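Q: Could you walk me through this one? I'd like to start with how the parts are divided up.

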Amino acid sequence: MPSLRDIKRRIRSVKSTQQITKAMEMVAAAKLRKAQTRAEKARPYADKMKQILANLSSSVDAGDGNVMHPYFQKRDVKKTTLVLITSDRGLCGSFNANLIRRAARFLEHYSTETAELMTVGKRGAVWYRKRPYPIISSHVDFGGNMDFDRSRDIARELTDRFENGETDEIYVLYQRFVSTARQEITLERYLPIEPEAVTEDESARQIDYIFEPDPVAIFDDLMPRYAMTMLQTAMAESFAAEHAARMMAMGAATRSAGDMIDSLTLEYNKARQSAITKELLDIVGGAEALAKS
Amino acid sequence: MASFQLSIVTPAETVLDEEVESIIVPGAKGYLGVLANHAPLITPLQPGKMTIRKPGDSHETIMAIAGGFLEVANNVATVLADATEYPKQIDRQRAEEALRRARERIKASEPDIDIGRAMTSAERAKNRMHILDQYT
């Protein structure tokens, strides 16, 4: 049986852990709110852009098997790039573990020759650093916040790679924010873009646009922005999901710390009681012995 | 006067979403005006000035736009802007700073510098300063 002092010390230690998890939960909640607002504010832009692209989808085909913009170009797949968006920090439950497991399942279909990785977030980078799949680049230290300039550079790196023929298809794997209690692992094809897949709305009317100056110029202007927006959306979703996951994980930790304190307190009281009983017995026994003599 | 729906969205937020009578935007080939019932149109926008006329408002609303897209279809105009500012939101110091940096980058003309991008940011900075001078 542990001594009273030992139990007391353990209670104190669990209590300080609980304070930390409690604080982290509240910080995550505040950050989640910010990330969520940001993701929501950015949504109309992404939606409109998708809508425009959907309206334009009939114009993508330039005839003779050519397309209006290289991002639509389908090729025989010799190289596949997986963009893995994880968090920079841990202590967010199974957030990263689930992503990495999904990535492993994806990579099973490829060899180290035919697949390569780009990691966004430290967790994925650290995991794959010592594994055989080549990492083309790794972007860390976002601090759970969207950074437009950096996401633009990342999008540019990807599109350049695709246009130069260094890779033939690009997928993005990330956690999508559904609700505070739910994140959803999402694997999306980033490039080449399938114009038909852009919208779920089958009835998207094919509008006969006036192109000013001409379709090629429009696509040249539109597509890099589209590629950037899609990546930014994925990253914004991932950041919101990360904070949500951390909030839930820390909430659960705070609760189990509470349970632990309760059972330790019970144990402490029991130990205290039995110590008192023992002491009483000693005193009574001593008094009786004295009375008898 | 007939009006139509205008929404201006940027990657950061929805700037405006309301009925307007006319807009004038900096299109790829110069400024162009859009009124109600315009034919479906899509065009890139350059850095420049956007003029919006709202029903029942004798003043025009002026905005600096850093580039983007205009799409018009079914009497709805959508401006996908990289960034927009009302004249009073423009930060002169920041614009001057950006212009200086862009000019340096253009002058340096090292191989790993994207001249096109530097030119665009110079354009944007000049546009901001120009609009600030004119409308405040």
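A: Domain bounds here come from an automatic or database domain assignment. This is a predicted model, in which local features need pLDDT of at least 70 and side-chain atom pairs count only at pLDDT 80 or more, while totals for chains, interfaces and linings use all residues. Residues are numbered from 1 along each chain as its sequence is written, chains are lettered from A and ligands numbered from 1 in the order in which they are written, and side-chain values use heavy atoms, with hydrogens and water left out.

Q: OK, which domains does chain B get, then?
A: The assignment gives chain B domain 1 (4-85) and domain 2 (91-135), and the centres of these two domains of chain B, taken over C-alpha atoms, are separated by 23 Å.

Q: How many residues of those two domains of chain B are in contact?
A: Counting contact as heavy atoms within 4.5 Å, 11 residues of domain 1 of chain B are in contact with 6 residues of domain 2 of chain B. The two domains bury about 730 Å² between them, 58% of it on carbon and sulfur atoms, where buried area is the accessible area (1.4 Å probe) that two parts lose on being put together, summed over both.

Q: And how many salt bridges between domain 1 and domain 2 of chain B?
A: The count is 2 salt bridges, a salt bridge being a side-chain nitrogen of Lys or Arg within 4 Å of a carboxyl oxygen of Asp or Glu. In chain B, the side chains of B:Arg124 and B:Asp82 meet in a salt bridge, at 3.0 Å from N to O.

Q: What else does B:Asp82 meet in a salt bridge?
A: The side chain of A:Arg225 meets B:Asp82 in a salt bridge, at 2.7 Å from N to O. Across the interface of chain B and chain A the rule finds 1 salt bridge.

Q: How much area is buried between chain B and chain A?
A: About 2300 Å² is buried between chain B and chain A, with carbon and sulfur atoms giving 63% of that area, and 28 residues of chain B are in contact with 26 residues of chain A.

Q: Switching topic: where does B:Asn74 lie, and is B:Asn74 buried or exposed?
A: B:Asn74 lies in the loop between β8 (68-73) and β9 (76-81) of chain B, the strands being DSSP runs (E, at least two residues) and helices likewise (H or I, at least four), numbered from the N terminus. B:Asn74 is exposed, with a relative accessible area of 54%; buried means under 20% relative accessible area, exposed over 50%, and partly exposed in between (1.4 Å probe, protein chains only).
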